[in-house]
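Trainee: I would like to understand why the parts of a structure are given the labels they get. Could we go through one together, setting each value against the rule behind the label?

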Amino acid sequence: MMLFKALNGFGEYCQFLWTTFGVPEKWREFFKRYTNEIYKLGIDSIPLILIVSVFIGALCTILIKLNINNPMLPRYAVGMTTREIILLEFSSSILCLILSGKIGSNIASEIGTMRVTEQIDALDIMGINSANFLAMPKILGLITILPVLVIICMFTSLLGGYGVCVLTGIVDVDTYLYGIQTMFIEWYVWFALIKSLFFAFIISSISAYYGYTVSGGSVEVGKASTNAVVMSNIMILVVDVILTKLLLQ
Amino acid sequence: MIEVKNIKKSFQDGDSMRQVLFGINAKFYDGKTNLIIGQSGSGKTVLVKNIVGLFQPDEGEILYDGRDITKMDKKQLKELRKEIGMLFQGSALFDSETVMGNVMFPLKMFSSMTPEEQMERAQFCIDRVNLTGSENKFPSELSGGMQKRAAIARAIALNPKYLFCDEPNSGLDPKTSIVIDELLSDITHEYGITTIINTHDMNSVMGIGENIIFVNKGHLGWNGTKEEIYDQDNDDLNNFVYATDLFRDVRKYRLVHGYTRTIPEHK
C-alpha cells in the first residue's frame, strides 16, 4: 500500500513537472517573475548563508585542529582538511539541507496558500498554465542563483576558519593560508557547483509540487510545507550519494 | 447562451465512488443573471466547476454558444477561457499585487494593448466598480466588499462573454451584498454578458434572479424566474425558500392577501 502510494506520488510529481516545463504565456512576464524569484529565493538568503558558513568554517577549523593533533601530520593539514570538507560537502550538500528549510517551506507555503485561496483556480480560469506560471520561474531562478550562493558559502566558510585562526591563534595564520591552498583540486569546486544545480532543482520542484497539490485549508498548507522540506532533504541526501559516487570515483 | 445537457459527475470517496450530479439539464441566457441556488452540499459548486472546465464531467455536454467544452482540446479551451471571467467565493485576488496590478493582470497576459492602454482599461474597470482611489492598495488592505468589487473589476477587464460568480455575497453584510448584486446585474445588462451566479442567498435570488436553477441533491429541482418562485408547489424548493423568518412572513402575507406579484417591503 505504501509502495503504491509512493509510486502514485512520484507519478503525480512527474506529471506536474511535465505541465510545468512549457513555453511561458508571456516571456516578459516570465522574466519579471524569474528575476524576482532570484532575488527572493537567492539574494534574500545571503545573510543566513553568511552567518551559517562563517560559524561552520570556524567550527571545522577548531574541531579538525583538536582531532588531528598528531606530530606525524603537517600543521597545514588543518587548513587543507577544512577546505576539503567545505568544498566537497558543506558548501553544497549541508548548505542545501539548510536552505531547503528556508526556501522549500517558502515555496510550498506560498503556492499552497494560493491553492487554498483559489488564486491558482483563478489563473486556470483565465487560461494560464498555472504550474508553468508559478513554478517554472522559481525552479529556474533557484537553479541560477544557488551555484552563486555555494561560491559565497565557500569563501565565507574559509574566511570563518581564517577568523578563528586570527582571533584564537589555534593555528598559525600563514600555515592555515598555506593549508587551504596546498594540493588544491579545481574539480572539487566544479563538483560542488554541479551538485548545487541538482539540489536547486530538487528543492524548488519538490516544494512547488507539494504546494501546488495542497487541498484543504491552512493546516494542510503547514503539512505540505513540512513534507516538502522533509522530502527535499531525503532526496538531497540520496542524490548526494549518487553524484559523489559518479563524479568522484 | 450556455447549455448543459445531462451532466453527471462523481468523485472517489475512499474505495467507492460518490455521485454528486445526476444528469442536470439547464440553460443560461445571454444578458441575464442566471442563478444556481440550492442548499450547501447540493452540488452547485461542482456544477459551476464543471461548466467552467475546472472539473471534467463523467457524462454530458456543456455548450458555450454551441461549442462543447467537454470535447475541446487544450488550445480551444485556452481560447474559450479568454471569454470567461470568474468571481471566486474568497475573491482570489493575487496577494502580491495591488488592485491595479490585479485588474491589469489579464490585460498584461492576453491583450495586445500598450501599457498605457492597459492602464486606461484597468482604471475604467476600477471606476466602474466604484473603487476609485484604491488602485494602489493591496488586497489585505481592503474590506470584504471592496475585495469582491476588485475581483469583479478583474473579471470584466477582458470584456468576457461569460461571467461566473461563486457565492459572491458570502461573508458580506446585507447592505454590501445588495451593492454587489446590483453591480453584477448592471454589468450583465450593460455588456450583455451571460452571468451565472452560484448562491444560497435568497435576497440575491429575489433581487436579481432572472433565470433561477434550483439544484437539489445533485438533480435539477426547479427552473424559473424570481416572479415564479413564490407560486410553485415544489416541496424541496419551498423548504429552501421559506427557511428564513423573512420569507415565511412573505409567504403568510401572500396566503392572506392572495397570490400577487407585488412583494411587500420588509420592515
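Mentor: Let us start in chain B of this predicted model, where six strands make an open sheet in the order β6-β7-β8-β3-β9-β10 with mixed pairing.

Trainee: What makes β6 and β10 of chain B the edges of this sheet?

Mentor: β6 (84–87) and β10 (219–224) of chain B each have a single partner strand, so one side of each is left without a neighbour in the sheet. On average, and with direction ignored, neighbouring strands here are turned by 20° against each other.

Trainee: How do you know that β6(B) and β7(B) are paired, and in which sense do they run?

Mentor: Pairing requires at least two bridges between the strands, and β6(B) is joined to β7 (residues 162–166) of chain B by four bridges, with the two running parallel. As one example, B:G85 has B:L163 in β7(B) as its bridge partner.

Trainee: Which helix packs on this sheet, and which strands does it touch?

Mentor: The helix is α1(B), which touches β3 (33–37), β6, β7, β8 (194–199) and β9 (211–216) of chain B, and its direction makes about 150° with that of β8(B).

Trainee: What joins β9(B) to β10(B), and how do they run?

Mentor: β9(B) and β10(B) run antiparallel and are joined by five bridges, and B:N216 has B:H219 in β10(B) as its bridge partner. The two strands form a hairpin with two residues between them, and B:K217 in that turn has a positive phi of about 50°.

Trainee: Which strands form the four-stranded sheet of chain B, and what makes two of them its edge strands?

Mentor: The order of that open sheet is β2-β1-β4-β5 in chain B, with antiparallel pairing. Its edge strands are β2 (16–28) and β5 (67–68) of chain B, each of which pairs on one side only. Between β1 (residues 2–13) of chain B and β2(B) there are ten bridges in the antiparallel sense, and B:I7 has B:I24 in β2(B) as its bridge partner. Helix α1 (residues 44–52) of chain B lies across β1, β2 and β4 (59–64) of chain B, and runs at about 115° to β1(B).

Trainee: How do you know that chain B is as compact as a globular protein of its length?

Mentor: Chain B has nine helices and ten strands. Its radius of gyration is 19 Å, and the globule rule gives 18 Å for 267 residues; the two values are close, so chain B is as compact as a globular protein of that length. Along the principal axes, the C-alpha atoms of chain B fill a box of roughly 60 × 50 × 35 Å.

Trainee: Why is α3(B) called oblique to α4(B)?

Mentor: The axes of α3 (residues 99–110) and α4 (residues 115–128) of chain B come within 9 Å and cross at roughly 125°. The range from 65 to 115 degrees counts as roughly perpendicular, and over 145 as roughly antiparallel; a crossing of roughly 125° fits neither, and therefore α3(B) is oblique to α4(B). The crossing is right-handed, and the residues that meet include B:V103 and B:L107 in α3(B) and B:A122 and B:I126 in α4(B). By class, this contact has nine nonpolar, one polar and two charged residues.

Trainee: Why are α4(A) and α8(A) called roughly parallel?

Mentor: Helix α4(A) and helix α8 (residues 186–212) of chain A pack at an angle of about 20°, with their axes 8 Å apart. Roughly parallel is the label for angles under 35 degrees, and α4(A) and α8(A) are therefore roughly parallel to each other. Their crossing is right-handed, and the residues of their contact divide into 16 nonpolar, eleven polar and three charged.

Trainee: Why, then, is α4(A) called oblique to α7(A)?

Mentor: The axes of α4 (residues 77–116) and α7 (residues 173–181) of chain A come within 6 Å and cross at roughly 45°. That angle lies between the limits of 35 and 65 degrees, and therefore α4(A) is oblique to α7(A). This crossing is right-handed.

Note on methods
Residues are numbered from 1 along each chain as its sequence is written. Chains are lettered from A and ligands numbered from 1 in the order in which they are written. This is a predicted model: local features need pLDDT of at least 70, side-chain atom pairs count only at pLDDT 80 or more; totals for chains, interfaces and linings use all residues. Axes are lines fitted to C-alpha atoms, for helices over the stretch in contact, and angles run from 0 to 180 degrees between N-to-C directions. A crossing is left-handed if the near helix is turned anticlockwise from the far one by less than a right angle, and right-handed if clockwise. Two residues are in contact if their C-beta atoms, placed from the backbone, lie within 7 Å. The radius of gyration is taken over C-alpha atoms; the globule rule is 2.2 Å times the number of residues to the power 0.38. Ala, Val, Leu, Ile, Met, Phe, Trp, Tyr, Cys and Pro count as nonpolar, Asp, Glu, Lys and Arg as charged, and the others, Gly among them, as polar.
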